[in-house]
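Have the model open next to you while you read this briefing. We'll go from the whole chain down to a few single residues.

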Amino acid sequence: MKERNWGTAKRKKAKTPLEAFHLHYLCVTDLSAQVWCEQEMVYHREQPGQRLPEKKVVLNTGKSIHLARELQDHDLVKVRTTSREDKWAIKLLNLLQTIADLQEGRCARECPVFGVLDDVFLVGIVDQLNYTAKGELQLNELKTRERAYLPVPAQKRKDRFQVFLYKYLFDAMVQGSLTQDNFIHHLHLKPKQPLGPEIQEHAQKIGFTVCCFQDLLELMVLNLTHSDIPAIDRLQIEYVHQQTDTLLGTEVITYDHDELMAMSHYFLTYWKGQRDPKGVDIEDTWKCCHCAFVDTCDWRLQTARSLVKKSSETKM
Ligand code: SF4
């Protein structure tokens with residue numbers, strides 16, 4: 001296989017970026033970040049602390065608003081974990097809680113979604129699922145904004161992709177596509193691993209008796225298969241101004257399966273080592289002004305060089 005440029009010399013030894021970054025799974029937000037600028041997403045993976053100071057403030061304020069919404073419905077419970085299986089057990093318990101809430105017709109917040117696409121395990125957290133007055137199952141994604149106006153189309157495109165992918169994963173889960181083997185095979189988790197005492201206690205409190213990780217996997221598959229939760233009917237994104245917590249606008253999105261698949265397949269080819277990362281197109285170079293890597297970005301440098309070359313060729 002041809003050696004590709006994943007970023008640093010150290011990474012050149014790995015076969016794919018998934019292996020280079022030691023990842024067993026990707027988050028939905030990893031893929032949606034690729035919609036904005038794939039190269040930027042890669043730089044953030046390589047240099048996690050590097051953010052423009054104003055972006056750090058925006059992120060922290062956004063997290064606080066999300067947390068405040070979550071606390072409207074339930075308290076947060078701290079549970080101590082002692083193994084990787086314990087950490088995944090918490091996500092599975094949150095999924096079981098989501099299934100129970102939706103079965104009872106309640107609103108569910110911070111709902112985990114899992115699934116496999118092109119042989120890559122994907123994980124996401126949906127902000128909110130609830131039934132509308134018409135009885136449709138609605139996904140509501142909250143986006144907080146530093147500026148008091150709706151985002152530009154490029155930002156909306158990223159948000160649209162994110163909710164599309166959430167719907168795809170959620171629908172596949174409730175239609176019975178998620179298997180125990182998906183977790184064991186992709187995440188390398190041990191099914192017979194005993195769960196820590198705090199996990200077992202927490203599970204008991206929400207109505208499940210479990211001893212080892214496999215007990216939870218079985219419960220998850222059983223609950224998903226026997227629930228009569230429908231696929232998501234309605235996708236909505238709420239844009240809220242951070243400083244004032246006021247609603248800037250709500251967008252209702254029409255799901256486009258073909259668009260989602262085409263974009264996801266393309267993004268995953270990067271992770272599977274089939275191509276190099278790509279920066280922004282020439283008409284989107286305005287995005288570079290909001291990027292922490294603007295001064296060191298190889299993509300930007302190469303694009304500038306090829307433009308100079310082209311212009312000198314036309315002059316000849
Ligand atoms: S400088 Fe531009 S092309 Fe480079 S990573 Fe940042 S946004 Fe992407």
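Here is a short tour of the chain, its cavities, its cysteines and three residues.

This is a predicted model, where local features need pLDDT of at least 70, side-chain atom pairs count only at pLDDT 80 or more, and totals for chains, interfaces and linings use all residues. Residues are numbered from 1 along each chain as its sequence is written, and side-chain values use heavy atoms, with hydrogens and water left out.

**The whole chain**
- The chain has 10 helices and 6 strands; helices (H or I, at least four residues) and strands (E, at least two) are DSSP runs, numbered from the N terminus.
- Of its 316 residues, 44% are buried. Buried means under 20% relative accessible area, exposed means over 50%, and partly exposed is in between, using a 1.4 Å probe and protein chains only.
- Take the contacts (heavy atoms within 4.5 Å) between residues at least 6 apart in sequence: 69% of them join residues at least 24 apart.

**Cavities**
- A cavity is a set of points on a 1 Å grid over the protein atoms alone where a 1.4 Å probe fits but cannot get out, and its lining residues have an atom within 4 Å of a point. Grid points are joined across faces, edges and corners, and a volume is the space filled by probe spheres set on the points.
- There are 2 cavities of 30 Å³ or more, and the largest holds about 110 Å³ of space.
- That largest cavity is lined by 14 residues, and the closest to its centre are Cys 37, Glu 40, Cys 288, Cys 291 and Cys 297.
- Two or more lining residues come from each of α2 (28-46) and α10 (298-315), and α2 gives the largest share, with 5 residues.
- The lining splits into 10 nonpolar, 1 polar and 3 charged residues. Here Ala, Val, Leu, Ile, Met, Phe, Trp, Tyr, Cys and Pro count as nonpolar, Asp, Glu, Lys and Arg as charged, and the others, Gly among them, as polar.

**Cysteines**
- How many disulfides does the structure hold? There are 0, where a disulfide is a pair of cysteine sulfur atoms within 2.5 Å.
- Why is Cys 111 not bonded to Cys 107? Because their sulfurs are 7.6 Å apart, which is too far for a bond, and Cys 107 has the closest cysteine sulfur. Cys 111 is buried, at 0% relative accessibility.
- For Cys 211, the closest cysteine sulfur is in Cys 212, 6.8 Å away, so that's too far for a bond. Cys 211 is partly exposed, at 47% relative accessible area.

**Three buried residues to click on**
- Ser 32 sits in helix α2 and is buried, at 2% relative accessibility. A polar atom of its side chain lies 3.3 Å from the backbone oxygen of Thr 29. Leaving out residues up to four places away in sequence, Ser 32 touches Lys 158, Phe 161 and Gln 162.
- Val 163 is in helix α5 (residues 153-174) and counts as buried, at 0% relative accessibility. Its C-alpha is 8.5 Å from that of Ile 253, although the two are 90 residues apart in sequence. Beyond its neighbours within four places, Val 163 is in contact with Leu 139, Glu 141, Leu 235, Ile 237 and Ile 253.
- Lys 143 belongs to strand β4 (residues 137-145). Is Lys 143 buried or exposed? Buried, because its relative accessible area is 17%. Among its contacts, leaving aside neighbours within four places in sequence, are Asp 159, Gln 162 and Glu 238.

Notes: 1 Å grid on protein atoms, 1.4 Å probe; cavity = no way out; pocket = protein on both sides within 12 Å on 5 of 7 lines; lining within 4 Å. Polar contact = N/O pair within 3.5 Å; in protein donor to acceptor, adjacent residues only side chain to side chain.
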